[in-house]
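The exercises below ask a newcomer to look for enclosed spaces first and for a sheet afterwards. Each task is followed by a solution that goes step by step.

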Amino acid sequence: MTMPNTTAAPVVPSRGRLRPLGQHEVRITGGFWGSRQDVNHEATLAHIGGRLESEGWLPNFDLAAAGTLPDGRRGREFSDSEVYKYLEGLAWEIGRTDDPALEERFRAVVARIAAAQEPDGYLNTQFGRPGQGARWSDLEWGHELYCLGHLFQAAVARERTRPGADDGLVEIARRAADMVCREFGADGRNAICGHAVIETGLAELGRVLDEPRYLEQAHLFVERHGQGTLRDIEWGRQYYQDDVAVRDADVLRGHAVRANYLAAGSVDVAVEHDDAALLDALRGQWERTVARRTYITGGQGSHHQDEAFGLDWELPPDRAYSETCAGVGSIMFAWRMLLADGDPRYADLIERTLFNVVATSPSADGRAFYYANTLHQRVPGAVVDPGSTSPRAGSALRAPWFDVSCCPPNVARTLASLDAYIATADDDGIQLHQYADASIRTTLADGRDVALHVETRYPDDGVVRVVVHEPAEFALGLRVPAWASGASLQIEGANGSVQDHVVEPGMATVRRAFAAGDAVVLTLPVAPRVSHPDARIDAVRGAVAIERGPEVLALESVDFGCDIADAVLDLTAEPIERDGRVWVRVARRGSRDAGWPYDSDAGGPAERHVEVPLVPYHSWAERGPSTMRVWIPTA
């Protein structure tokens, strides 16, 4: 189906199996995600804005405008990008709430960026001036194009939510994109950026501005990957996906954020160029990556040294890097595939990643974050000074800021735009992919108006009630997650009629002439369940995880009463729910201290079993320092 270009959503392809419904059509009104959007609005965006100022990353633009750089510049070479992601988050949040204070802040930041832009469109505070490196002199590590990719995404968010706004951001982006096309076009430099994202930024900017040159430049960048134009490094060119052409790769590899961002941009290119072969290659890469290189949380990336994917089945829980930004990138990739193919498996992964990576990163108050998301914390962390900046990505407790703070604004822009990931439409009706209290109102391609309200306490319970507000004949699809065997669907007519159905995982679709007041109720079995790992994942052989609905659960020492290193789960007792928590039977394994940790004796018997409550993984470490594990040994 063809798509309109006016949808207020991060991704609006010109064609595809499904059309995204944007902010003007879907509004999250409460519940799990509504509360997180509230915290994002009330605390996180202000926190990020304050740290961008205090760390000097936003004042870098003032120094550029004053002509005093490089003196006084602070932050890493890519710090400009965090300002652009913050702007994107503001743009989506203004579209969601129409907050005048945020609008004033947005315009003030844009004015400072505009003052730093060079006459030819170049915009970067790290390169291009006396005393700095020359433009494009370090494409491996300089991140110049990466920064511009995030600038373009911010401009897209602004144009989609406030078309024709007079703040100047879209024109800043247009001048910069024109400069990129001149410099890196077919007759220019045959080169790519060491960190992908320029591809998605150009593609979406081309869509929103109806500028085919930008889409073609995105196409050129995608096709240049694998030509070996970047210098080889200790981790190999696969680190920045310059070892194999995108269409020839069979799995995501290298730096996990770069890999997902490139895959997302490649889907954009494949869709706009009607390149079935490229899209099929990406489909295969997604499937193998999910099947062999993805943690149970949806997290991706098992190497700390290069923030990269490991080999197939290399998924150690205690060394899980699982960068928050890689989770955001994974959602970007899967969402684009969902729009192209319509396969609900993509939405399953998005849900898993949202609940267990994106929701895990920010603290409950929205002012501290995880950069990396371990699945096994062996040593309790120290309480973090709220005014500090962490030099390390891996931390046992959430940190208020990092020397590399890509994750906080990435979480903020994702939560601010989350309404646009809830539902889609096709020529026949509406599909619900993520469940939250929400109001939905849209017009189908043939002019039929559809108005719905979604009522749910998900994931606390599995009941999702969809009430039709206006009479219309259409198809309503509700995603049944792969874990939800035994789900049921009930159609409640406004006239009192009731129809019951058992539905299988996939997309459950109801086609009928709906009357105002009709309701469709999906009931998902969110009882706790035991999940066993593939036997080829050596690091967790002999252990199991407990899941409940879309949430992965964790055992925390705060509840166990001692270090969880010796915890043994009793599988003869099923997990039970009591007092709003999931409880399991756990014992402490007998241990011994010796001069050599290997012996023919397996150790003493397990001590008496006790019932211990688990916590949703996304809420671990909210009660102070602790040890934690997701995979619990059974012997």
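**Exercise 1.** Find the volume of the largest cavity and describe its lining.

*Solution.* The largest cavity has a volume of about 200 Å³. A cavity here is a set of points, on a 1 Å grid over the protein atoms alone, where a 1.4 Å probe fits but cannot get out, and lining residues have an atom within 4 Å of a point. Points are joined across faces, edges and corners, and a volume is the space filled by probe spheres set on them. The lining holds 17 residues, of which Pro10, Glu88, Gln153, Arg413 and Tyr421 are the closest to the centre. Two or more lining residues come from each of helices H3 (79-97), H5 (144-161), H7 (198-209), H11 (324-341) and H13 (407-416), and H11 gives the largest share, 4 residues. Helices (H or I, at least four residues) and strands (E, at least two) are DSSP runs, numbered from the N terminus. By kind, the lining divides into 9 nonpolar, 4 polar and 4 charged residues, where Ala, Val, Leu, Ile, Met, Phe, Trp, Tyr, Cys and Pro count as nonpolar, Asp, Glu, Lys and Arg as charged, and the others, Gly among them, as polar.

The model is predicted, so local features need pLDDT of at least 70 and side-chain atom pairs pLDDT 80 or more, while totals for chains, interfaces and linings use all residues. Residues are numbered from 1 along each chain as its sequence is written, and side-chain values use heavy atoms, with hydrogens and water left out.

**Exercise 2.** Which helix supplies the largest share of the lining of the second largest cavity?

*Solution.* This second largest cavity has a volume of about 70 Å³, and its lining includes Gln241, Arg253 and Leu282. Helix H9 (256-272) and helix H10 (276-292) each supply at least two lining residues, but the largest share, 4 residues, comes from H9. The lining divides into 7 nonpolar, 3 polar and 1 charged.

**Exercise 3.** In what order do the strands of the open sheet lie, and which strands stand at its edges?

*Solution.* The 5 strands lie in the order S1-S4-S5-S9-S12, with mixed pairing; two strands pair if DSSP finds at least two bridges between them. Strand S1 (19-20) and strand S12 (506-514) stand at the edges with a single partner strand each, so one side of each has no neighbour in the sheet. Strand S9 (residues 472-480) pairs with S12 in the antiparallel sense over 9 bridges, and Leu476 has Val510 in S12 as its bridge partner.

Note on methods: 1 Å grid on protein atoms, 1.4 Å probe; cavity = no way out; pocket = protein on both sides within 12 Å on 5 of 7 lines; lining within 4 Å.
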